[in-house]
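Take a slow look at the chain below. We will go through it pair by pair.

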Amino acid sequence: LAAYDGSDPAKPLLIIVRGKVYDVTRGRSFYGPGGPYAMFSGHDCTRALAKMSFEAGDFVADESGLEPFELRQLEDWIDTFEGKYGSIGNVIEES
C-alpha cells in the first residue's frame with residue numbers, strides 16, 4: 001500500500017479504512033503530496049481517522065479502546081469516502 005502514497009504521480013492514491021480500499025486520487029489536492037491529509041495516503045488510517053490523529057502510531061486498523069464518539073467519527077469518514085470515492089476492494093489478511 002505504501003507505493004500508493006502519491007510519491008509516484010503515475011499511481012493512484014489509496015487509503016484503507018476498516019478493511020476497505022479507497023482510491024482517493026480525485027482528491028489529490030487533499031490526499032496527495034503537500035495536501036492537508038497527505039499522510040493518510042498509502043496507509044490504513046482507520047484508527048487515525050477515528051481519533052483525528054496525525055500520529056504515525058495511529059495509522060493502523062486497530063479499533064480497540066476507541067470511544068463511542070470516535071467510532072461515530074469513523075463512520076462519518078466512511079460515509080464520506082463511500083459517497084465521494086467508493087470502495088475499490090477489500091484487504092485480505094494472510095493467514
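**Charges and rings**

Glutamate 82 has a relative accessible area of 33%, so this residue is partly exposed. Keep in mind that this is a predicted model. The cut-offs explain the label: buried means under 20%, exposed means over 50%, and partly exposed lies in between.

Which residue meets the side chain of glutamate 82 in a salt bridge? The partner is lysine 20, at 3.5 Å from N to O. Lysine 20 lies in strand 2, whereas glutamate 82 lies in helix 3, so the salt bridge ties together parts that are 62 residues apart in sequence. Lysine 20 is partly exposed too, because its relative accessibility is 32%.

This bridge is one of five salt bridges in the structure. Turn next to arginine 18. Its side chain meets that of glutamate 63 in a salt bridge, with 2.8 Å from N to O. The two sit in distant parts of the chain, 45 residues apart. Glutamate 63 is in the loop between helix 2 and helix 3. Arginine 18 is in the loop between strand 1 (14–17) and strand 2 (20–23).

Arginine 18 also forms a salt bridge with glutamate 75, and here the closest N and O atoms are 2.1 Å apart. This pair again links distant parts of the chain: glutamate 75 belongs to helix 3, and 57 residues separate it from arginine 18. How accessible are these three residues? Arginine 18 has a relative accessible area of 35%, so it counts as partly exposed. Glutamate 63, at 25%, is partly exposed. Glutamate 75, at 33%, is partly exposed. Shared partners join Arg18, Glu63 and Glu75 into one network of salt bridges.

Now look at the rings. The structure holds 10 aromatic pairs. One of them joins phenylalanine 40 and phenylalanine 54. Why is this pair called tilted? The ring planes meet at 40°, so the pair is tilted; the ring centres are 5.9 Å apart. Phenylalanine 40 sits in the loop between helix 1 (28–31) and helix 2, and phenylalanine 54 in the loop between helix 2 and helix 3. The two are 14 residues apart, and the pair links distant parts of the chain.

Is phenylalanine 40 buried or exposed? It is buried, because its relative accessible area is 1%. Phenylalanine 54, at 45%, counts as partly exposed. Both belong to a cluster linked by ring pairs, together with Tyr22, Tyr31, Tyr37, Phe59, Trp77, Phe81 and Tyr85. A ring can also take part in another arrangement. The charged end of lysine 11 sits over the ring of tyrosine 4, 5.6 Å from the ring centre.

Phenylalanine 54 has a second role to note in this tour. Phe54, Met39 and Met52 make a nonpolar surface patch of about 250 Å². Methionine 52 is found in the loop between helix 2 (46–51) and helix 3. Its relative accessibility is 32%, so methionine 52 counts as partly exposed.

End with glutamate 70, in helix 3 (residues 68–84). Is glutamate 70 buried or exposed? It is buried, because its relative accessible area is 8%. Which residues does it contact, leaving aside neighbours within four places in sequence? They are Ala50, Lys51 and Gly65.

Conventions:
Residues are numbered from 1 along each chain as its sequence is written. This is a predicted model: local features need pLDDT of at least 70, side-chain atom pairs count only at pLDDT 80 or more; totals for chains, interfaces and linings use all residues. Side-chain values use heavy atoms; hydrogens and water are left out. Helices (H or I, at least four residues) and strands (E, at least two) are DSSP runs, numbered from the N terminus. Buried means under 20% relative accessible area, exposed over 50%, partly exposed in between (1.4 Å probe, protein chains only). Contact means heavy atoms within 4.5 Å. Patches are made of residues with over 30% relative accessible area and no salt bridge: like charges are joined within 9 Å, nonpolar side chains (Val, Leu, Ile, Met, Phe, Trp, Tyr) within 5 Å. Accessible areas come from the Shrake-Rupley method with a 1.4 Å probe; for residues, only the protein chains shown count as cover. A salt bridge is a side-chain nitrogen of Lys or Arg within 4 Å of a carboxyl oxygen of Asp or Glu. Rings of Phe, Tyr and Trp (its six-membered ring) pair if their centres lie within 6.5 Å; planes under 30 degrees apart count as stacked, over 60 as edge-to-face and the rest as tilted. A charge sits over a ring if NZ of Lys or CZ of Arg is within 6 Å of the ring centre and within 35 degrees of the ring normal.
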